[in-house]
Amino acid sequence: MTIALIVALIVIVALVVWGFSSYNGLIRSRNLVQESWRQIDVELKRRHDLIPNLVETVKGYASHEAGTLEAVMKARSQAIQGGASPAQASATEGELSQALGRLMSVTEAYPDLKSNANFTALQQELSATEDRIASGRRYYNATVRDLNTKVESVPTNFFARIGGVGKEPYFEAEPAAQNVPQVSFGQGGGTVAGPGQGGQGYGTQGQTGSIGGGEAPGQLPGYDPNQGLGQGYTPSPIQDELRQPGQARPGQPGDLP
């Protein structure tokens, strides 16, 4: 009888320890999700602070692009007001990324602006911020996946209900931010091609949090969740429209009359 009682006590103690461990694991996962979101929120605020200076610089060279500039500032205002949570920020930041993509496309038509030192510095800083946001988003979504798996899995879902730990939303790209315009450098000058149109382009490549820049190719440090740094950024190359292989030039020997 004594041995049975001892075994029962050991089992009860093991279950209690296991229960506390499972609950503490849920709390750690939830805190990690919240911490990783704060890292993104810091970079989003920095992005919002950089945009007015960028718009003012562009305005000095392209004042007649008022519609594009106003769209950027309107999207920025909406992002500031509606980005308190990942679910809200997914939509508003996606619209802001799309507006910024159009602005960067417009600047391709102004060589003097592209050579302006202030514009180049702002563009590089904004691109680095976008990289950190994209890297932070991937890390945040990974922590959300781990937490949601625990909340939905048996038996940790039992402790999640007891502790009031629920699922967290992902910070994802909205469809509007996945279809941004591209700049096509064909014969007859640069043109802006809308989503789904043909042409080789330079600028945004349809990825939220990634805006084409004019800086030299380089590598930023890899993302560290303890530091919130960005990862490698490679700007999109300018692709010339070349003659297709095997296409004969007019007037070449062997051409049919």
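Leaving aside its neighbours within four places in sequence, with which residues is Val72 in contact? In this predicted model, Val72 touches Ile51, Val55, Leu96, Ala99, Leu100 and Leu103 once those sequence neighbours are set aside.

**Helix H2 and the nonpolar cores**

Val72 is one of the buried residues of helix H2, a group that also holds Thr68, Leu69, Ala75, Arg76, Ala79 and Gly82. The cover over these buried residues includes helix H1 (2-59) and helix H3 (86-107). Helix H2 itself runs over residues 66-82, and because 17 residues at 1.5 Å a residue should span 24 Å, the 24 Å between its end C-alpha atoms agrees with expectation.

In soluble globular proteins, nonpolar side chains tend to be buried together. The largest nonpolar core here has 21 residues, and those with the most contacts inside it are Leu54, Val58, Val72, Leu100 and Leu103. At least two residues of this core come from each of H1, H2, H3 and H5, and H3 gives the most, with six residues. A second core, separate from this one, has 16 residues, among them Leu26, Ile40, Tyr140 and Val144.

**Aromatic pairs**

A pair of aromatic rings is described by the distance of the centres and the angle of the planes. The count of aromatic pairs in the model comes to four, and two of them are set out below.

| Pair | Centre to centre | Angle between planes | Arrangement |
|---|---|---|---|
| Trp18 and Phe159 | 5.4 Å | 75 degrees | edge-to-face |
| Trp37 and Phe171 | 5.4 Å | 85 degrees | edge-to-face |

The pair of Trp18 and Phe159 links distant parts of the chain, since Trp18 lies in helix H1 and Phe159 in helix H6, 141 residues apart. Trp18 counts as partly exposed at 40% relative accessibility, whereas Phe159 is buried, with a relative accessible area of 15%. These two residues also belong, together with Phe158, to one aromatic cluster.

The pair of Trp37 and Phe171 likewise links distant parts of the chain: Trp37 is in helix H1 and Phe171 is in the loop between H6 and strand E1 (182-186), with their positions 134 residues apart. Trp37 counts as buried at 10% relative accessibility, and Phe171 is buried too, with a relative accessible area of 4%.

**Glu93 and the cis peptide bond**

Phe171 also appears among the contacts of Glu93, a residue found in helix H3. Not counting residues up to four places away in sequence, Glu93 touches Leu44, Arg47, His48, Ala79 and Phe171. With a relative accessible area of 3%, Glu93 falls under the 20% limit and is therefore buried.

A cis peptide bond, with omega at about 5 degrees, joins Val154 and Pro155. Pro155 has its place in the loop between helix H5 (117-152) and helix H6 (156-163).

**Confidence along the chain**

The mean pLDDT of the chain is 74, with 66% of its residues reaching 70 or more. Confidence is highest in H5, at 94, and lowest in strand E3 (residues 201-202), at a mean of 34. Over residues 176-257 the pLDDT is below 50, and this stretch has 140 contacts in the model beyond near neighbours in sequence.

Definitions and conventions
Residues are numbered from 1 along each chain as its sequence is written. This is a predicted model: local features need pLDDT of at least 70, side-chain atom pairs count only at pLDDT 80 or more; totals for chains, interfaces and linings use all residues. Side-chain values use heavy atoms; hydrogens and water are left out. Helices (H or I, at least four residues) and strands (E, at least two) are DSSP runs, numbered from the N terminus. The expected span of a helix is 1.5 Å times one less than its number of residues. Buried means under 20% relative accessible area, exposed over 50%, partly exposed in between (1.4 Å probe, protein chains only). Contact means heavy atoms within 4.5 Å. Rings of Phe, Tyr and Trp (its six-membered ring) pair if their centres lie within 6.5 Å; planes under 30 degrees apart count as stacked, over 60 as edge-to-face and the rest as tilted. A nonpolar core is a set of buried Ala, Val, Leu, Ile, Met, Phe, Trp, Tyr and Cys residues joined through side-chain atoms within 4.5 Å. pLDDT is the predictor's confidence in each residue, from 0 to 100.
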